[in-house]
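Reader: I am a first-year student and I should be grateful for a close look at a single part of this model. Could you please take one place in the chain and then connect it with the rest?

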Amino acid sequence: HEDGECKCRKPLPGLFYQAECDFSIDKSSSWMIGDSESDIIAGQAYGVNTKYTNNLYNTIKEILE
């Protein structure tokens, strides 16, 4: 948005809410895995589990175990 009020850009959780309208999302078993602080803040604001990573493969493996 030109006015700078876009709620879809991280760290705001707008895209998560849009996805919730489009898909069946179980927030209690969902994760936001990211490599930046804004990823984690957005996931927390939406109410899902969050995990910071610099190695996606190892992080997913850890979560699944």
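Author: Asp 26 counts as partly exposed, because its relative accessibility is 43%, a value that falls between the 20% limit for buried and the 50% limit for exposed. This residue of the predicted model is located in the loop between H1 and E1. Asp 26 and Asn 55 are 29 residues apart in sequence, and their C-alpha atoms are 25 Å apart in space.

The loop that holds Asp 26 follows helix H1, so the helix may be considered next. Helix H1 covers residues 14–22, and it packs against helix H2, residues 37–46, at an angle of about 50° with the axes 9 Å apart. The arrangement of H1 relative to H2 is therefore oblique. On the H1 side the residues that meet H2 are Phe 16, Tyr 17 and Glu 20, while H2 contributes Ala 42, Gly 43, Ala 45 and Tyr 46. Sorted by class, this contact of H1 with H2 consists of five nonpolar residues, one polar residue and one charged residue.

Phe 16 deserves separate attention. Setting aside residues up to four places away in sequence, Phe 16 touches Met 32, Ala 42, Gly 43 and Tyr 46. Phe 16 also belongs to the largest nonpolar core, which has five residues in all and further includes Met 32, Ala 42, Tyr 46 and Val 48. As a general tendency, nonpolar side chains in soluble globular proteins are buried together.

Before H1 there is a segment that contains Pro 11. The peptide bond from Lys 10 to Pro 11 is cis, with omega near 15°. In general, most peptide bonds are trans.

On the other side of strand E1 (31–34), the loop between E1 and H2 holds Asp 35. Asp 35 counts as exposed because its relative accessibility is 57%, which is over the 50% limit. Apart from neighbours within four places in sequence, Asp 35 is in contact with Tyr 52 and Thr 53. The C-alpha atoms of Asp 35 and Glu 65 are separated by 20 Å, and the two residues are 30 apart along the chain.

Thr 53 is also a contact of Thr 59, together with Ile 33 and Lys 51, when neighbours of Thr 59 within four places in sequence are left aside. Thr 59 is found in helix H3. With a relative accessible area of 5%, Thr 59 is buried, since the value is under 20%.

The chain as a whole gives these details their setting. It has three helices and two strands, and along the sequence they follow the pattern α-β-α-β-α. Along its principal axes, the C-alpha trace spans about 45 × 25 × 15 Å. Of the 65 residues in the chain, 22% are buried. Among contacts between residues at least 6 apart in sequence, 30% join residues at least 24 apart.

Finally, the confidence of the prediction should be considered. The average pLDDT of the chain is 89, and 94% of the residues score at least 70. Among the elements, H2 has the highest mean pLDDT, 96, and helix H3 (residues 56–64) has the lowest, 86. Where pLDDT is low, predicted coordinates should not be read in detail.

Methods. Residues are numbered from 1 along each chain as its sequence is written. This is a predicted model: local features need pLDDT of at least 70, side-chain atom pairs count only at pLDDT 80 or more; totals for chains, interfaces and linings use all residues. Side-chain values use heavy atoms; hydrogens and water are left out. Axes are lines fitted to C-alpha atoms, for helices over the stretch in contact, and angles run from 0 to 180 degrees between N-to-C directions. Helices (H or I, at least four residues) and strands (E, at least two) are DSSP runs, numbered from the N terminus. Angles under 35 degrees count as roughly parallel, over 145 as roughly antiparallel, 65 to 115 as roughly perpendicular and the rest as oblique. Contact means heavy atoms within 4.5 Å. Ala, Val, Leu, Ile, Met, Phe, Trp, Tyr, Cys and Pro count as nonpolar, Asp, Glu, Lys and Arg as charged, and the others, Gly among them, as polar. A nonpolar core is a set of buried Ala, Val, Leu, Ile, Met, Phe, Trp, Tyr and Cys residues joined through side-chain atoms within 4.5 Å. Buried means under 20% relative accessible area, exposed over 50%, partly exposed in between (1.4 Å probe, protein chains only). pLDDT is the predictor's confidence in each residue, from 0 to 100.
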